[in-house]
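Please find below my comments on the model under review, set out as numbered points.

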Amino acid sequence: MQAKLHQIHPVLPVKNVLESLKFYVNKLGFTIAFANDSKQPTYAGIRRDDIEIHLQWHDAKEWDVEVDRPMLRIVTENVEILFQEYNFKNVFNKDTKVRNTDWGTKEFAFYDIDKNGLVFYQNNL
C-alpha cells in the first residue's frame, strides 16, 4: 500500500469571518461547508465544485498588511466563463484581465477583501 495525497484545504487569514463568508458566497459562488459558530465564527470552510478553502479569524493586533499575503492558484475549467461571471458581479477592478502567460496558462488574478491573492487558471494546451 502506498500513501496518496488527495486534497489540500488552504487556510486563509481573515479579519472578519462573516464578511469573508459573504464575499466568497455572494461574489465568488462558494457555499458554506461548515463554521465553528453560526453567529460569530472564527473558523469556517467554503466549497465550490471540487475545492475547499478554510477561513480563519486573526486578531487586529496580529494583522500586518505589509506582510506578504497568501496566494492561491486554482486550476479552473473554462477560465474565461468564470472571468465573465466574476466581472458581472464586480469582484475585481477594471484592469483585471484574462491573459496568456509565458509558462503556458490562461489566467486572471485578484485579491479578496483581506488581500489574499486568488489566481484562477487553466493550462493552454
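Against which elements do the buried residues of α2 pack?

1. The model is a predicted one. In it, the buried residues of α2 pack against α1 (17-27), β3 (43-48), β7 and β8 (117-123).

2. Helix α2 spans residues 79-88, and its buried residues are Val79, Leu82, Phe83 and Tyr86. Viewed down the axis of α2, these residues fall within an arc of 105 degrees, so they line one face of the helix. This arrangement can be read against the general geometry of helices: an α-helix has 3.6 residues a turn, so residues three or four places apart point the same way.

3. On the face of α2 turned away from its buried side are the exposed residues Ile81, Gln84 and Phe88. After α2 comes Asn90, which has a positive phi, near 55 degrees.

4. Strand β7, one of the elements against which the buried residues of α2 pack, comprises residues 105-111 and includes Thr105. Is Thr105 buried or exposed? Its relative accessible area is 3%, under the 20% cut-off, so Thr105 is buried.

5. The side chain of Thr105 takes part in two polar contacts that deserve inspection: one with the side chain of Thr101, at 2.7 Å, and one with the side chain of Glu107, at 2.7 Å.

6. Leaving aside residues up to four places away in sequence, Thr105 touches Arg73, Arg99, Asn100, Tyr121, Gln122, Asn123 and Asn124.

How values were computed: Residues are numbered from 1 along each chain as its sequence is written. This is a predicted model: local features need pLDDT of at least 70, side-chain atom pairs count only at pLDDT 80 or more; totals for chains, interfaces and linings use all residues. Side-chain values use heavy atoms; hydrogens and water are left out. Helices (H or I, at least four residues) and strands (E, at least two) are DSSP runs, numbered from the N terminus. Buried means under 20% relative accessible area, exposed over 50%, partly exposed in between (1.4 Å probe, protein chains only). A polar contact is a pair of N or O atoms within 3.5 Å; within protein, one must be able to donate a hydrogen and the other to accept it, and residues adjacent in sequence count only if both atoms are side-chain atoms. Contact means heavy atoms within 4.5 Å. The arc is that of the directions from the helix axis to the C-beta atoms.
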